Number of protein chains: 2
Amino acid sequence: MRINAAYAAELLKSKDNILILTHDHPDGDTLGTAYALCRALRSLGKKAVVKCPDKIPASYAFMWQNLPEQDFEPAFIVAVDIADSVLLGAEYEAIYKDIINLSIDHHGSNNLKADYILLESDAAAAAEIIYDVLMELGASLDPAIADCIYTGLSTDTGCFRYSNTSARSHRLAAILIDAGANKDEINQVFFETKSRVYAALERLALDSMTMYFDDRLAVITIVQEMFRITGANESECDRLSALPRQIEGVLVGVTLRETKDGNFKASIRTNGPLNAAVLAAKMGGGGHAKAAGCRLDGPLEKAMEVLLKNVSEEIAP
Amino acid sequence: MRINAAYAAELLKSKDNILILTHDHPDGDTLGTAYALCRALRSLGKKAVVKCPDKIPASYAFMWQNLPEQDFEPAFIVAVDIADSVLLGAEYEAIYKDIINLSIDHHGSNNLKADYILLESDAAAAAEIIYDVLMELGASLDPAIADCIYTGLSTDTGCFRYSNTSARSHRLAAILIDAGANKDEINQVFFETKSRVYAALERLALDSMTMYFDDRLAVITIVQEMFRITGANESECDRLSALPRQIEGVLVGVTLRETKDGNFKASIRTNGPLNAAVLAAKMGGGGHAKAAGCRLDGPLEKAMEVLLKNVSEEIAP
């Protein structure tokens with residue numbers, strides 16, 4: 001049953017012993033939304049805990065500061081920012097996929113099974129939705145809650161840079177700053193800091209960048225050896241995917257990442273009219289208009305051959 | 001005479017043939033503020049032009065699109081975002097420094113001579129101030145004006161990432177987006193695009209990065225040869241200054257840039273408690289708590305010696 005924020009708040013008011021689930025490989029939005037809700041529910045005298053299928057990176061530790069552990073049998077289960085049960089990870093999926101009571105999400109593709117679904121696909125972040133729920137709950141926006149919501153909002157919008165950022169996003173940011181959100185420290189940690197391992201990998205990645213087709217295609221190649229040299233792991237490649245497309249004049253930016261079996265994953269980003277999903281589909285992949293991906297068989301020379309052939313067909317004047 | 005936005009609007013209403021001056025090495029804020037004011041004045045039936053002491057980069061061309069040239073003898077001169085007459089450049093300084101009627105700025109250090117001064121040092125951008133002036137003028141916020149103001153606001157706040165970003169900044173951004181500001185294209189041009197020349201220089205700069213004092217000091221060195229290799233010029237170094245401080249654990253990030261005479265300019269950025277201005281002052285420079293600069297005599301070995309000695313004294317546990 002699709003519901004709105006006011007309905008979700010009424011539901012939550014009537015419940016106690018609430019378990020809040022985040023998705024795996026947790027990011028700022030799933031965690032910020034979950035902890036904002038958890039803190040608000042506790043401030044209203046309820047028992048509530050957050051559970052995450054994966055280890056949570058230390059940079060998010062401020063979210064559960066001064067939040068004592070609580071042990072109880074869950075009576076109401078809320079999923080936040082989880083578009084599909086597979087994002088619960090195998091273990092949690094087996095336990096929870098059929099017993100979620102309320103799903104709060106902003107992914108248009110959401111197909112999670114839940115009794116009640118609060119889905120706003122035009123929200124830049126689940127954090128925008130949880131703010132409305134909290135206001136309907138009558139929870140007060142203390143600085144710790146404002147920090148959680150600001151983290152979700154800023155990380156899902158690339159600090160208000162991505163095209164999903166709306167007037168609503170900026171209005172909420174203003175409210176959170178007025179409520180005492182520690183925006184400077186949060187921005188510093190999430191947007192101004194590179195781990196040494198990431199910085200080393202980025203350097204190698206930039207050194208590998210090669211231009212083709214009158215500089216309209218830029219390709220970065222990450223081979224397994226680079227992970228060994230830098231100590232980086234594949235999760236650090238996500239940020240690299242943005243780099244080739246940033247070069248002025250580039251229409252297609254591709255990041256080729258060698259997998260352990262010697263084949264390649266290609267992340268495709270496009271500028272202007274060129275459709276990344278169409279290009280990826282030609283190579284057996286898929287995605288969105290500006291960001292898509294596919295797999296290419298190794299070795300590198302073979303992967304490049306397939307990539308160049310397909311890009312040349314799409315990029316031809 | 002210090003005035004507020006309402007007073008500035010009344011002044012402007014009573015004038016015509018208005019010349020608006022920007023600072024040299026123009027950025028998004030001085031240009032966006034100037035063109036927003038120019039467009040608003042014209043929409044009210046006045047003659048107004050913008051003059052800039054330097055060539056304006058092509059990325060700002062949208063600001064004067066559909067704005068016909070006007071030729072007139074200036075009767076009222078407005079300076080925007082100009083903290084000191086030296087920022088007019090030698091030629092304009094000689095002509096205008098003593099005849100500016102209205103100065104609109106957000107630099108606390110402003111010492112420009114003007115009959116009327118509208119100075120708000122807590123504004124993140126001059127663009128925030130000009131918005132208030134335009135509203136007091138009764139000008140309508142059309143999409144072209146919203147583009148200009150959004151450009152000033154976003155470029156001076158690093159797209160809402162820098163610590164000068166306030167609730168006011170975000171509230172204004174929301175208003176501008178509602179008014180039709182082309183935020184996606186502006187963000188793409190100013191925050192997601194690197195010129196090929198800059199990208200090449202950045203690669204060499206990152207390759208030059210060296211760590212000292214248990215990785216608490218990171219130093220990037222730009223030598224003249226790098227300008228020759230890449231075709232970059234010194235103005236492109238500004239963005240590089242942010243890079244060394246971004247590495248996790250770094251307390252002091254320094255960018256050394258060789259000048260044509262073989263000496264060095266040091267850009268100093270700090271994290272945490274370390275004061276960049278104090279460190280710069282020890283080497284004959286100055287600046288702000290987190291960002292400062294100084295000059296160091298070459299050759300490089302000598303400059304590094306002075307830098308390492310002074311950093312070691314400040315960084316010592």
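Begin by selecting chain B together with chain A: between them, 23 residue pairs are in polar contact, both residues of each pair having pLDDT 80 or more. The model on display is a predicted one.

**The interface**

With both chains still selected, colour the helices of chain B. On the side of chain B that touches chain A, at least two residues each come from α6 (167-178), α7 (183-191), α8 (196-207) and α11 (243-246) of chain B. The greatest contribution to that side is made by α6(B), with 8 residues. Colouring by residue class then separates this side of chain B into 16 nonpolar, 10 polar and 13 charged residues.

Next, extend the selection to the whole contact, which draws 39 residues from chain B and 39 residues from chain A. On the chain B side, select B:R161, B:E192 and B:R196, the residues that lose the most area to chain A; together they account for 18% of what that side buries. For the two chains, the buried area is about 3500 Å², with carbon and sulfur atoms contributing 48%.

**Salt bridges between the chains**

Side chains of opposite charge can pair when their charged atoms come close. How many salt bridges are found across the interface of chain B and chain A? The rule finds 8 there, while the count over all chains is 28.

Two of these deserve a close view. Select A:E192 and B:R161: they form a salt bridge in which the closest N and O atoms are 2.6 Å apart. This pair links two loops, with A:E192 between α7 (183-191) and α8 (196-207) of chain A, and B:R161 between α5 (143-156) and α6 of chain B.

Then select B:R196 and A:D215, whose side chains meet in a salt bridge at 2.4 Å, N to O. Stay on A:D215 to inspect the backbone: its phi is positive, about 65 degrees, although the residue is not a glycine. A:D215 belongs to the loop between β6 and β7 of chain A.

**The mixed sheet of chain A**

From that loop, select the open sheet of 6 strands in chain A, which has mixed pairing and the order β6-β7-β8-β9-β11-β10. Strands β6 (210-212) and β10 (286-287) of chain A stand at its edges with a single partner strand each, so one side of each has no neighbour in the sheet. Within the sheet, β7 (residues 217-222) and β8 (residues 252-258) of chain A are paired in the parallel sense over 6 bridges. To locate this pairing, display A:I222, which stands opposite A:R257 in β8(A).

**The parallel sheet of chain A**

Now move to the open sheet of 5 strands in chain A, where the pairing is parallel and the order is β2-β1-β3-β4-β5. Its edge strands are β2 (48-51) and β5 (116-119) of chain A, each pairing on one side only. From one strand to the next, the twist averages 20 degrees.

Select β1 (residues 18-21) and β3 (residues 76-80) of chain A, a parallel pair joined over 4 bridges; here A:I18 stands opposite A:F76 in β3(A). Add helix α2 (residues 28-43) of chain A, which packs on the sheet, touches β1, β2 and β3 of chain A, and makes about 165 degrees with the direction of β2(A). Helix α1 (residues 5-13) of chain A lies across β1, β3, β4 (102-105) and β5 of chain A, at about 140 degrees to β5(A).

**Cis peptide bonds**

Finally, select A:G298 and A:P299, joined by a cis peptide bond with omega near 0 degrees. A:P299 is in the loop between β11 (291-296) and α12 (300-315) of chain A. In chain B, a cis peptide bond joins B:G298 and B:P299, with omega about 0 degrees, and B:P299 is in the loop between β11 (291-296) and α13 (300-315) of chain B.

Notes. Residues are numbered from 1 along each chain as its sequence is written. Chains are lettered from A and ligands numbered from 1 in the order in which they are written. This is a predicted model: local features need pLDDT of at least 70, side-chain atom pairs count only at pLDDT 80 or more; totals for chains, interfaces and linings use all residues. Side-chain values use heavy atoms; hydrogens and water are left out. Contact means heavy atoms within 4.5 Å. Buried area is the accessible area (1.4 Å probe) that two parts lose on being put together, summed over both. A salt bridge is a side-chain nitrogen of Lys or Arg within 4 Å of a carboxyl oxygen of Asp or Glu. A polar contact is a pair of N or O atoms within 3.5 Å; within protein, one must be able to donate a hydrogen and the other to accept it, and residues adjacent in sequence count only if both atoms are side-chain atoms. Ala, Val, Leu, Ile, Met, Phe, Trp, Tyr, Cys and Pro count as nonpolar, Asp, Glu, Lys and Arg as charged, and the others, Gly among them, as polar. Two strands pair if DSSP finds at least two bridges between them. Axes are lines fitted to C-alpha atoms, for helices over the stretch in contact, and angles run from 0 to 180 degrees between N-to-C directions.
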